[in-house]
Amino acid sequence: MEEDKNSSDSNKRGPSLGYSDISPKRAMWQEIANKENGIFKISMTSGKEIETHNISIPYKKWNIEISNSDTRPLKFQISFQTCLDFDLTISWEDFIDRIGKVFGKHDIELGLMEFDKHYQVKSNRPDLVKEIITTNIQKTFLKYNVCSLSFQAANNNKGAELISVIERNAGTKEMILELIDTFKLLIDNIVKMRITEKQGLKL
């Protein structure tokens, strides 16, 4: 119960800078990896000051890579081979963004009022965004106050990276499993819109 309360408080505050001991989450990550047929690895810096958790969850031809460390927030990342020029950024909307809307600088609105008020959405293909970021995905982002998501060309120019920063702390097992299901749905929607090659990206 205390873990749930801490997770809820963290969601309201969002990511914070500084140090947070993640070692108590080892057992949780191993349970999640076992349930999802994934791999859980722990790494430490040379001086053993910073611990990092890396979890790889297979889904169809892709891997959902999850990472969290003592000094970095929880992050989801998926690599794609792309066959369509597409970029997308979703981020918290700040005061300046709201002022911009007053003067006609509108971003993409997806139809769920609370989501549209909370997030700024930008893309070169608004028509595809509305098919990819469905209402269920929007509700999950709001539920856990997900900080950001981006779909951008990868540095190797052979594909794209979907990267989402969630929050400072890993939260609960139930939260992570729900987020994993949400990112599986994101993959399905991206494939449905023919943005990616169906065979996935081999890492």
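Start by selecting helix H2, residues 26-35: its buried residues are Met 28, Trp 29, Ile 32 and Ala 33. Buried here means under 20% relative accessible area and exposed over 50%, with partly exposed in between (1.4 Å probe, protein chains only). Helices (H or I, at least four residues) and strands (E, at least two) are DSSP runs numbered from the N terminus.

Look down the axis of H2. The buried residues sit on the same side of H2 because they cover an arc of only 135° around the axis, the arc being that of the directions from the helix axis to the C-beta atoms. On the other side of H2, select Asn 34 and Lys 35, which are exposed.

The model is predicted: local features need pLDDT of at least 70 and side-chain atom pairs count only at pLDDT 80 or more, while totals for chains, interfaces and linings use all residues. Residues are numbered from 1 along each chain as its sequence is written, and side-chain values use heavy atoms, with hydrogens and water left out.

Next, show what H2 packs against. Its buried residues pack against strands E1 (39-44), E2 (51-59) and E3 (62-69) and helix H7 (173-192); contact means heavy atoms within 4.5 Å.

Move on to Asn 37, in the loop between H2 and E1. Its phi is near 55°, a positive value in a residue other than glycine. Asn 37 is exposed, with a relative accessible area of 65%.

Now select the sheet. It is open, with eight strands in the order E1-E2-E3-E4-E8-E7-E5-E6 and antiparallel pairing. Two strands pair if DSSP finds at least two bridges between them. E1 and E6 (119-123) are the edge strands, each pairing on one side only. From one strand to the next, the twist averages 20°.

Two pairs can be picked out in this sheet. E3 and strand E4 (residues 75-80) run antiparallel and are joined by three bridges; Ile 66 has Phe 76 in E4 as its bridge partner. Strand E5 (residues 88-92) pairs with E6 in the antiparallel sense over five bridges, and the bridge partner of Ile 90 in E6 is Val 121. Of the five residues of E6, four are buried.

From E6, go to helix H6, residues 135-143. In H6, Ile 137, Gln 138, Thr 140, Phe 141 and Leu 142 are buried. Their cover includes helix H4 (113-118), E6, helix H5 (126-132), strand E7 (148-153) and H7.

Display H6 together with H7. The two helices pack at an angle of about 145°, with their axes 10 Å apart; axes are lines fitted to C-alpha atoms, for helices over the stretch in contact, and angles run from 0 to 180 degrees between N-to-C directions. On the H6 side, the contact is made by Ile 137, Thr 140, Phe 141 and Lys 143; on the H7 side, by Glu 178, Leu 179, Thr 182, Leu 185, Leu 186 and Asn 189.

The last residue to select is Asn 145, in the loop between H6 and E7. Asn 145 has a positive phi of about 50° although it is not a glycine. At 12% relative accessibility, Asn 145 counts as buried.

Finally, zoom out to the whole protein, which has seven helices and eight strands. Buried residues make up 46% of its 203 residues. Among contacts with a separation of 6 or more, 65% involve residues 24 or more positions apart.
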